[in-house]
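Here is a short briefing for a first look. Please keep the sequence and the 3D view at hand as you read.

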Amino acid sequence: MNSLKLLEKLADTQSLNSEEYKFLVDNYSQETADFASQLAVKKRKEIYGNSVFIRGLIEISNICKNDCYYCGIRCSNRKADRYRLTKEDILSCCDSGYGLGFRTFVMQGGEDPYFTDEVMCDIVTSIKDKYPDCAVTLSLGERKRDSYQKLFESGADRYLLRHETADSCHYNKLHPENLTLANRMDCLKNLREIGFQTGCGFMVGSPYQTSEHIAKDLKFIENFKPDMCGIGPFIPHKDTPFKDFKAGSASLTCYLLSIVRLIHPPVLLPATTALGSLGQNGREKGILSGANVVMPNLSPESTRAKYELYNNKLSTGAESANGLEALRKNLKDIGYEIVTNRGDVRKEDKNE
Ligand code: SAH
């Protein structure tokens, strides 16, 4: 096999078998990565031109009932300084975000039992009433199907739920027993059926991850065809069981962004905060590899540091008018333009 030929085949057919995906991962090199990003950027241009979509990320709570071994806000971390935003806090984040040009608000949080369907639906409805031209994305973990249904009916448009790894043994090494890949996948299926634009995704370089696992992730993405896909490097957090594991690689992450763009060209692909947190210009490198979304933080200054999923999390000022201007300029310098619209996923017709 030859990696460059495989990448060409992938660009033509949007499909490879698991051995081929594994080969692409095992034979990662600067040359293959450069070629993958060329192909990926070309595909993205055909569909989205030079547009980069921005999403205002609002981290609504770091209280979580789950105990994922990798995550800094897991319930067993007694050192985490817990907070939750009020509805008023959240609306005021949207207010300032709207003024800056954000037309999507992403509410992400730990699985905090305070945010019942009633509480959450009320928040979603209030945002949609106030900003009917904006999309609302939720990223609140696993909930019952009827809960997802209610959230959708209250006006939420999109839901992000990374599958984390498509291999159930690997899943069990990252999570305690009460969390299963089967349930995670059921949630994703339910979200899709209900009508959400649905996002999955995984960490790169998470503990015990092999190239076979990544091949499974890619095959899953090929079959599921998510509307969004979050891919970021694992970064250790000092107060978790995985504190001594190494961080994932930024360049492998970029290579995988390119491959995912080739697998499913219309996917909305963020250059994630975790990628931005590892080394210089991570976000720009992500865009140059085929990503087309950035998610600056709109959370209040006072809580931002507390939403610490991993150490050294990027907390730039992209949320302020100045910070957003700087991001706009950085992206302009590499040929991209931040646009002020909802940035929905493009469906079949490329020219619509
Ligand atoms: N509770 C929600 C949101 C989770 S936080 C949910 O379950 O979906 C969003 C994502 O951050 C997670 O899905 C995970 O992939 C990522 N994340 C958590 N800890 C991380 C770490 N240490 N390094 C990198 N990414 C991490």
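How do the residues of the shell around the ligand divide into nonpolar, polar and charged? The shell holds 10 nonpolar, 4 polar and 3 charged residues. Keep in mind that this is a predicted model. The points below take the ligand first, then two strands and the helix between them.

**Around the ligand**
- The ligand has 17 residues around it.
- Y70, G109, R162, E164 and I235 come nearest.

**Polar contacts of the ligand**
- Y70 offers a polar backbone atom, 3.0 Å from a nitrogen atom of the ligand.
- I235 also uses its backbone: a polar atom there is 2.7 Å from a nitrogen atom of the ligand.
- E164 takes part through its side chain, where a polar atom lies 2.5 Å from an oxygen atom of the ligand.
- On its own, the ligand has 560 Å² of accessible area, and the protein covers 91% of that.

**Strands 2 and 3**
- Strand 2 spans residues 56–61.
- This strand is mostly covered, with 6 of its 6 residues buried.
- Strand 3 spans residues 104–109, and strand 2 pairs with it in the parallel sense.
- The pairing runs over 5 bridges.
- S61 stands opposite G109 of strand 3.
- G109 is also among the residues that come nearest to the ligand.

**The link between the strands**
- From strand 2 the chain passes through helix 4, residues 87–100, to reach strand 3.
- This β-α-β crossover is right-handed.

Key:
Residues numbered from 1 in each chain as written. Predicted model: local features only at pLDDT ≥ 70, side-chain atom pairs only at ≥ 80, totals over all residues. Heavy atoms only, no water. Buried < 20%, exposed > 50% of the residue type's maximum accessible area, 1.4 Å probe, protein only. Helix = DSSP H or I, 4+ residues; strand = E, 2+ residues; numbered from the N terminus. Pairing = 2+ DSSP bridges. Right-handed = clockwise from strand over helix to strand, strands pointing away. Near = heavy atom within 4 Å. Polar contact = N/O pair within 3.5 Å; in protein donor to acceptor, adjacent residues only side chain to side chain. Areas by Shrake-Rupley, 256 points an atom, 1.4 Å probe, with all protein chains shown as cover. Nonpolar A, V, L, I, M, F, W, Y, C, P; charged D, E, K, R; others polar.
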